[in-house]
Amino acid sequence: MSAQPNPTLSVALEHVEELARGLGESGDALALRERARDLVTPLVLPDRARHLWRYTNPERFVPVADPTVLAPVAIAHEWPREDDLAAAALIAGGALRMVEIDDTARRAGVVIEDLHRAATDGLLGSLVPPEHGFAEAINTAAWHGGVLVRVPAGVELEHPIRVRCVASAEPVSVPRVLVVAGAGSAFELVEGHVGGGVPALVLGVTEIAVGPDARVRYSLVQRWDAGVTGHLTARARLERGAHFQMSLASFGGSLYKADVGAVLAGEGAQAEMFGVSMGGEKQHMDHHTEHLHEARKTHSNLDFKVALTGAARSAYTGMIRIAHDAGGSEAYQVNRNLLLSEDARAESIPELEILTDDVRCSHGATVAPLDEEQVFYLKSRGLPHFQAMRLIVYGFLGQTLQRLPATTRERIEALVASRLHEE
Amino acid sequence: MAAHPTVADIGTDYLSKYGFHDPEEYFARAPKGLSHEVVEMISLLKKEPDWMRAFRHKALDTFYAKPMPTWGDTAMLAEIDFDQITYYLRATEKQETSWDEVPENVKRTFDRLGIPEAERKFLAGVSAQYESEVVYHSVKEELTKQGVIFLDMDSGLREHEDIVKKYFATVIPAADNKFSALNSAVWSGGSFIYVPKNTEVAIPLQAYFRINAERMGQFERTLIIADEGSKVHYIEGCTAPVYSTHSLHSAVVELIAMKGAHIRYTTIQNWANNIFNLVTKRAVANEDAVVEWVDGNIGSKLTMKYPAIILKGERAHGEVLSIAFAGPGQHQDAGAKAIHLAPNTTSKITSKSISRDTGRSTYRGLVKMRKGAHGCKTSVQCDALLIGSAARTDTYPTMEIAEDDVRVEHEARVSKLGDEQLFYLRSRGIREDKARLMIVNGFIEPFVKELPMEYAVELNRLIELEMEGSVG
C-alpha cells in the first residue's frame, strides 16, 4: 500500500528458466516460478507498521546471492539411521539426496519423490501462493531441493515419516515440501531443519493438503546451528472432517521467522497447534500463527509457549479469523512467555477477527518471570537451583513436548537442558 | 499533494503575503479546506501569542508530511476529504443551523432520553450556548475559592499563558500522528483545568458547566493538570446524540497527574452516525499518581481512539475501562495503551464491546514495559458480545515486554448473546426484547456503575434505544 521499493535492496533471480529446465520441470511449474519472480521484481518489502513485521527486519531475509544459480556441491551428510520410520527423505545441498520407504508403507502406496518431477495436480503454490509474501515469492521462484510426500486415501501409518532439510554448502537454501494426505489417511510427519555453517540464509516453504477425514500429525522442528538466518512458512488446508495437529519446536539459528497455520476449509475440520520456542544468547525468534476458519463447525486450539534466556528476544503474533460463513465454530489461543533472564524480551500480539456471532472464541497471553516461590519450594526439598529451574521449565514446556515423537522429544529435552546450563 | 510553505516561512509575513487583514472577512470568503492561511487566520482571530501561531503552522506542515494511517479501517479513512471540511467557524455562524434542519431521529432520541429543551438546541448545534448559569454559578464560586482553574482552552491560553505554554503538547506532541498534527494546527475550544496542590475537587467537572461557546468543537483541545496530591474527575460529552454537519471530529486530550494526584476522565461519546471521530488521548502519571480513563463509545461512523497512560513515576497506577457499542454500519475501533516506564507501576485495562447487526468493534491495545521497569503488573481483559450473524469483532492487543521481573496478563473472550441466557429469562416470562436488553445491560454493568447517577440512567436508556429492532 504505502510501501515503496527500497532502491538499495533487490533480489537477483536471473536464471529461473534455466533452473526449471535443468530440473526437468513442466511448463506450469515454470509459469509459477515466473509469476513469483515478477512479484519481487522490483522488490517491495512489507510495511513495518503492519504487525507481522513490526519486530523483525525483513531486509535480513533478502538473499545476497542469486538463489536460482545452482552451485555444484558435494554433500557428505550421512543419514542418521533411525528405527521405526515409515519413510525418510533428506534434502541437502539444494537437492533431494535420499529417500527411504519401508516395505509396509511402500506396499500401501506411500510416495516420497523429488518434487521437481512430481505430478502435483496444481497443489504446488496453492496453499502458500507466491503472493503470500516476499520470502515465499523468492522461494517459489527459486526453490530447488524439494520433496513430495503422498499418503493415499485410507492408509494409516504406524510409524512417522521424517523429512530432514540440511542447511549447508550453499549460500541460500530454498527447500520446498508438499504433503498430500488422502481422504481418511492417518500418519505423522516430522520436518526437521538442521545444519548451518556456510549458508547465510534459509527460505523454506511447506504446503500440506489434508484430505477429508484425514488425521495428520505434523511437527516442524528447527535446530539450526548458530549463525543461520531463516524464514519458514507452513500452511495446511483442511477438508471436511480433517484433523490436523501441528507441533512447532524452535530452538536454533540466530534469526528465525516462522509463519505457520491452517485453513479450516471443510465443515467439521479441527486444527490443534502446540508450539515451543526456546531462545538464548542473542537469538531472535519471530513466530506468526494463523487459523482461518472458513467452514461451519470448525475447531481450532493453539498453545504456544516461549522460554527465553540470555538476551534472547521473541515476537509472537497469532491470528484467529472466523469468516462470516463459519458459524458454529470454536477457537482458542494461548501464548505464554517465561522470561528467565533480565535481558530477555518478549512481544505478544494474539489477534482475533470474528465475522459472525455464532462462535465461541477466547485467547490469552501472559508474560512472567520464573516463579520464585516454586523455585524456593523445590530447593527446600534439596534440589540445587539449576535442577529446580530446569524442572519448572520442563513443566512449563511439558504439555507441548509430550506431543512430539519420542526421538525428537529426547533431542529437544537435551537442547532445553543445555540452554539452561548456559545460565 | 501540492508543495506547501515550509517551517522557515512560519509566522513571518502572512499578513503582507496574503493580504487578509480581517479574519472575519477571510472566513466569510474561504470557509472550506486547509492551508497556512486558514491557520494564520484562526490564530489571528483568537489573538494568540506568536509561539502558538508558530506551533500551529509547524503542526500543519507535519500534517501535510505524514501519510494517512496504513492500519485500521483504511477503507473508511479513505472517505475523508480534507478539502471539504470547514476548519473554523465563527461563533455567529454556529447559531445559523435551524432546529428544523435537525434530523427527525435525533429529535426523537432527545425526546426519549428526556433531554431538557434548552439543552437539546445546544446539543443539536442550534444554540451555541447552554444556559446553565444557575448551576454553574455556585460551582464556579466553589472552584474559585479552591484556586481551581476551569476554562475553555482559548480562555486558558489568554488568561494563564505561562501554565499553558509549559504543558501544552508535552504529552502529545503535534507530530505524534497525522490527526494530532491536524488538531494542533486548527484546534479550537476544549477544556483547560488546573487543580492546585492537595486540592480535591468534590464534584465532577463537566464541560456542561462551562459557559463558553467552544464546548464541542470539531478540533477541541483539552489539557488537565492535577498538581501534587490533588484529585479531579472530569466528564466530557454526554449520552445525547450530538448532531453536527461536520464530518470530522479530531480532539487531543492531555492529562498530567503530578506526584500523588488522581485524575479520572469520563467520556461518553455519542456522535451522529455520519462522523469520523479520530481522537488522541494520553495521560502522564507521575510518582504514586492514579489516572483512570472511563470511555464509552456509542455514536460516530468510525471512532479511532486509544486512551493511553504513560506510567512515568514509581508506583503509578493506570486504568482504562471502556465500552463500545457498534450498531449498523458503525466501526468502533477503540482500545487502550499502558506504557510502563517506572518500576512497580500497575495498570488494568477492561474493554467491553457489543457489535450488533453490521456493526464492527475492534479492540486495539498496547502494553509496554521498558527495561528497568521492575515489578510492574498489568492485566488486560477484553469481552466482545456479538448480536446478529453479520456482526464483527476484532482483537488486536500488543504486548512488548523488555523486563523479566513483571507480570503481564491478557485475556479476551468473544461470545454471542447466548441462547441459554435468553431461554432462561424467557422461561421466567420475560419478553425476548426485554431479555436481550437485560443481558446487554448486565454485560456493560461494570462500566455503568462507574458513571455518575444521571449519566448511568441516560446510558441505560440509550442502550435500550440502540437495542431496538435487534430481535430476530
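What follows walks through chain A on its own and then the place where chains A and B meet, all in a predicted model.

Taken by itself, chain A is built from seven helices and 20 strands. Its radius of gyration comes out at 21 Å, close to the 22 Å that the globule rule gives for 423 residues, so chain A is as compact as a globular protein of that length. Put in a box along the principal axes, the C-alpha atoms of chain A take up roughly 70 × 50 × 45 Å. Burial fits into the picture here too: 55% of the 423 residues of chain A count as buried. As for how the chain connects to itself, take the contacts between residues at least 6 apart in sequence; 82% of these join residues at least 24 apart.

Now to the meeting of the two chains. The contact draws 36 residues from chain A and 33 residues from chain B. On the chain B side, strand 17 (377-387), strand 18 (392-401) and strand 19 (407-416) each put in at least two residues. Sorted by class, that side of chain B holds 15 nonpolar residues, ten charged ones and eight polar ones.

Strand pairing also crosses from one chain to the other. Strand 19 of chain A, residues 345-354, is joined to strand 18 of chain B by six bridges, and the two strands run antiparallel. For a spot to look at in the structure, try A:S348, which sits opposite B:M399 in strand 18 of chain B. Strand 18 of chain B thus turns up twice: among the strands supplying residues to the side that touches chain A, and as the partner of strand 19 of chain A.

Terms used
Residues numbered from 1 in each chain as written. Chains lettered and ligands numbered in written order. Predicted model: local features only at pLDDT ≥ 70, side-chain atom pairs only at ≥ 80, totals over all residues. Contact = placed C-beta atoms within 7 Å. Helix = DSSP H or I, 4+ residues; strand = E, 2+ residues; numbered from the N terminus. Nonpolar A, V, L, I, M, F, W, Y, C, P; charged D, E, K, R; others polar. Pairing = 2+ DSSP bridges. Rg over C-alpha atoms; globule rule 2.2 N^0.38 Å. Buried ≥ 20, exposed ≤ 12 C-beta atoms within 10 Å, placed from the backbone.
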